[in-house]
Amino acid sequence: MLAVTNKTIKPSFVFTPDVRVRSQVGFEPERRGSHPYLGVDFRTLHSRAESAGSIPARRVRRLFSFQRHLLSSRLLRGAPHLNPLHILDEDYCGQAKCMLEKVGSWNFDIFLFDRLTNGNSLVFLTFHLLNQYGLIELFQLDMVKVRQFLVLVQEDYHNQNPYHNAVHAADVTQAMHCYLREPKLAQSLTSFDILLGLLAAATHDLDHPGVNQPFLIKTNHYLAALYRNTSVLENHHWRSAVGLLRETELFSHLPAEDSLSIERQLGSLILATDISRQNEYLSRFRTHLDENNLCLGHASHRHFVLQMALKCADICNPCRPWELSKQWSEKVTEEFFHQGDIEKKHKLEISPLCDSEANTIASVQIGFMTYVVEPLFAEWARFSDTRLSQTMLGHLGLNKASWSAMDPEASGSSEEGESEPGRATEEPSSRALSQGSQES
C-alpha cells in the first residue's frame with residue numbers, strides 16, 4: 001500500500017505550452033496533440049510548431065471543455081446548478097445515473113451510456129468507479145485534479161477513429177471493473193492494485209492513431225524510431241498517460257518514489273496489451289494454471305493477473321451480447337479498411353486484414369475469435385470459473401456462429417487451422433492476425 005501523506009512535492013516535470021523540461025528522474029513523457037495521423041502522408045513529419053508566446057487553440061478548447069464538464073458533473077453529484085446552460089439534459093442525466101447503478105453488468109451498453117453523457121462516457125464512468133471503490137478518499141486525491149485528468153485523457157483519444165476512441169476506453173474500463181469484482185480478485189487485490197487497473201484501462205490506448213505498429217514502421221514514422229520498432233503504440237500510450245499524470249499533478253502529494261512506482265506499474269500493464277506478445281503472456285498464464293502455483297498473496301502474481309485481466313478487457317468485444325459485439329466488429333473492421341485505403345493511396349503493401357476487397361467483417365472476426373480470443377478466454381475461465389466466465393464463453397460461441405452463418409467459407413478455413421481447443425496455434429493466419437490486429 002502506498003504511504004499517503006499530506007507532504008507537498010514539487011513536480012519533477014514542468015509543462016508549458018511549448019517547452020517541456022526533462023525530469024531528473026524517470027523518463028520524458030510523450031507530448032500531446034501532435035499526431036493528426038489520418039488522411040495525411042505518413043512519410044512526412046506531422047508536428048507543427050506553435051507561434052511563439054501564443055496559447056495553443058487546443059489548450060484553450062480543453063479549458064472550456066473542462067469548465068463545461070465541471071458544470072455538468074454537479075448533476076451527477078446531486079448538487080444544484082445555477083447556470084441553465086448545462087450540457088446534459090436532466091432527463092438524460094437521470095438515465096445515466098440509473099445506468100451507473102448497473103455498471104457491473106456484463107450487458108452494460110456503453111454506446112447508450114455515451115449518448116446519455118453527451119460523449120463523456122469515459123470521464124463519467126471512470127470517475128464513478130474511482131469514487132465507488134473509495135480510491136479518491138483513500139489516496140487523498142484532489143477531485144478537481146481527478147476530473148481534469150480524466151477530461152484530458154478523454155480528449156486525447158481520437159474521436160475520428162471508428163474503434164480506438166474514448167468509447168472503447170470506457171468499454172474496456174467497464175469490463176475491467178467486472179473482472180475486478182470476480183471472487184478471486186475481489187478477495188486478494190489491494191486498493192493500489194484496483195487503482196492501477198482502472199487507470200490502465202482508461203489510458204491503455206491513449207492517443208491511438210487508428211493504424212497499427214507495422215504501418216508506423218513501414219512508413220518510417222518517428223514513433224517507430226523512438227521506440228525501436230518495439231511495442232511502439234503501447235509505449236506511446238503509456239508515456240502519454242504519464243504526461244497527463246504529471247501535467248495535472250494528480251499524485252504530486254505522494255512521495256516521489258510512490259509516484260514513480262505508479263508510473264512504472266501503469267506502463268507494465270499497458271505494455272501487456274501488445275497483441276504481438278499474445279502467445280508469450282498466454283503461455284505464461286497457462287503454465288501457472290497447469291502447475292497451480294499462482295499465489296495472489298504475492299504482489300508480482302497479482303500484477304500478472306491484472307495484466308491478464310486488462311488483456312481480456314481489451315479484446316472482450318466478441319464475448320459481449322450480439323447487439324454490442326456486432327457494433328464493435330463493424331467499427332474495428334472499418335478502421336482496418338481505412339488503414340488499407342491509406343496504404344493503397346501511397347502504394348504501400350496492404351497490411352493483413354486491411355484490404356476491403358479481400359476481407360469481410362465476418363472473415364476478420366471469425367479468424368480473430370479463433371486464434372486470439374478463444375485461447376485467452378478459455379484460460380481465463382480456468383483461472384476464474386464463474387458465471388461471468390461462462391457467460392462470456394457462451395456469447396463468444398453464439399457470436400462466432402452468427403458470423404459463420406454470414407460467411408461459411410471463412411468459418412471453414414478457420415476450423416481447418418484450429419488444433420486443440422483453447423490452445424493458441426502458430427498457423428500463418430494466426431501470425432497475420434497478430435500483425436494486423438488493432439483490437440489492442
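Buried, on this tour, means under 20% relative accessible area, exposed means over 50%, and partly exposed is in between. Keep that in mind as you click around, and remember that you are looking at a predicted model.

**Stop 1: a buried acid and its partner**

Start by selecting Glu-379. At 3% relative accessibility it falls under the 20% cut-off, so Glu-379 counts as buried. What does Glu-379 form a salt bridge with? Bring up Arg-286: the closest N and O atoms of this pair are 3.3 Å apart. Now colour the two helices. Arg-286 sits in helix H14 (residues 278–291) and Glu-379 in helix H17 (residues 361–383), so you are looking at a link between distant parts of the chain, 93 residues apart. Arg-286 is buried too, with 10% relative accessibility.

**Stop 2: one lysine, two acids**

Next, select Lys-344, Asp-355 and Glu-357. The side chain of Lys-344 meets that of Asp-355 in a salt bridge, 3.4 Å from N to O. Lys-344 belongs to helix H16 (322–345) while Asp-355 lies in the loop between H16 and H17, so this pair ties together parts that are eleven residues apart in sequence.

Lys-344 also forms a salt bridge with Glu-357, where the closest N and O atoms are 3.8 Å apart. Glu-357 is in the loop between H16 and H17 as well, so here the tie is between parts 13 residues apart in sequence.

Buried or exposed: which is Glu-357? Turn on the surface and check: Glu-357 is exposed, at 71% relative accessible area. Asp-355, in contrast, is buried at 18%, and Lys-344 is partly exposed at 30%.

Before you leave the charged pairs, go back to Glu-379 and add Asp-290 and Arg-382 to your selection. Together with Arg-286, they form one network of salt bridges that share partners. In total, the structure holds twelve salt bridges.

**Stop 3: the annotated binding site**

Now for the positions that come from a record. An unreviewed UniProt entry lists His-164, Asn-165, Ala-166, Val-167, His-168, Asp-205, Asp-314 and Gln-365 under "binding site". Select the whole set, then take three of them in turn.

- Asn-165 is in the loop between helix H6 (143–155) and helix H7 (166–180). It is buried, at 8% relative accessible area. Leaving aside residues up to four places away in sequence, Asn-165 touches Tyr-157, His-158 and Asn-159. Also show Asn-161: its backbone oxygen lies 2.8 Å from a polar atom of the Asn-165 side chain.
- Asp-314 lies in helix H15 (residues 299–314). With a relative accessible area of 2%, Asp-314 is buried. Measure across to His-168, and you should find a polar contact of 3.3 Å between the two side chains.
- Asp-205 is in the loop between helix H9 (191–203) and helix H10 (213–218). At 0% relative accessibility, Asp-205 counts as buried.

**Stop 4: the nonpolar cores**

In soluble globular proteins, nonpolar side chains tend to be buried together. Which residues touch the most other members of the largest nonpolar core? Select Trp-106, Ile-110, Phe-113, Tyr-179, Phe-251, Phe-377 and Trp-380; the core itself has 105 residues. H17 gives the most to this core, with twelve residues.

Zoom in on Trp-106. Not counting residues up to four places away in sequence, its contacts include Ala-175, Cys-178, Tyr-179, Cys-316, Cys-319, Leu-388, Met-392 and His-395.

There is a second, separate core of ten residues, with Phe-215, Leu-216, Ala-224 and Tyr-227 among them.

**Stop 5: the cysteines**

Finish with the sulfurs. How many disulfides does the structure hold? Zero. Select Cys-312: the nearest cysteine sulfur belongs to Cys-319 and is 8.1 Å away, and Cys-312 is in no disulfide. Cys-312 counts as buried at 0% relative accessibility.

Then move to Cys-319, which is in no disulfide either; the nearest cysteine sulfur to Cys-319 is that of Cys-316, 6.8 Å away. Cys-319 is likewise buried, with a relative accessible area of 0%.

Notes: Residues numbered from 1 in each chain as written. Predicted model: local features only at pLDDT ≥ 70, side-chain atom pairs only at ≥ 80, totals over all residues. Heavy atoms only, no water. UniProt positions renumbered as here; feature names shortened; annotations may be inferred. Helix = DSSP H or I, 4+ residues; strand = E, 2+ residues; numbered from the N terminus. Buried < 20%, exposed > 50% of the residue type's maximum accessible area, 1.4 Å probe, protein only. Contact = heavy atoms within 4.5 Å. Polar contact = N/O pair within 3.5 Å; in protein donor to acceptor, adjacent residues only side chain to side chain. Salt bridge = Lys/Arg side-chain N within 4 Å of Asp/Glu carboxyl O. Core = buried A, V, L, I, M, F, W, Y, C linked by side-chain atoms within 4.5 Å. Disulfide = S-S within 2.5 Å.
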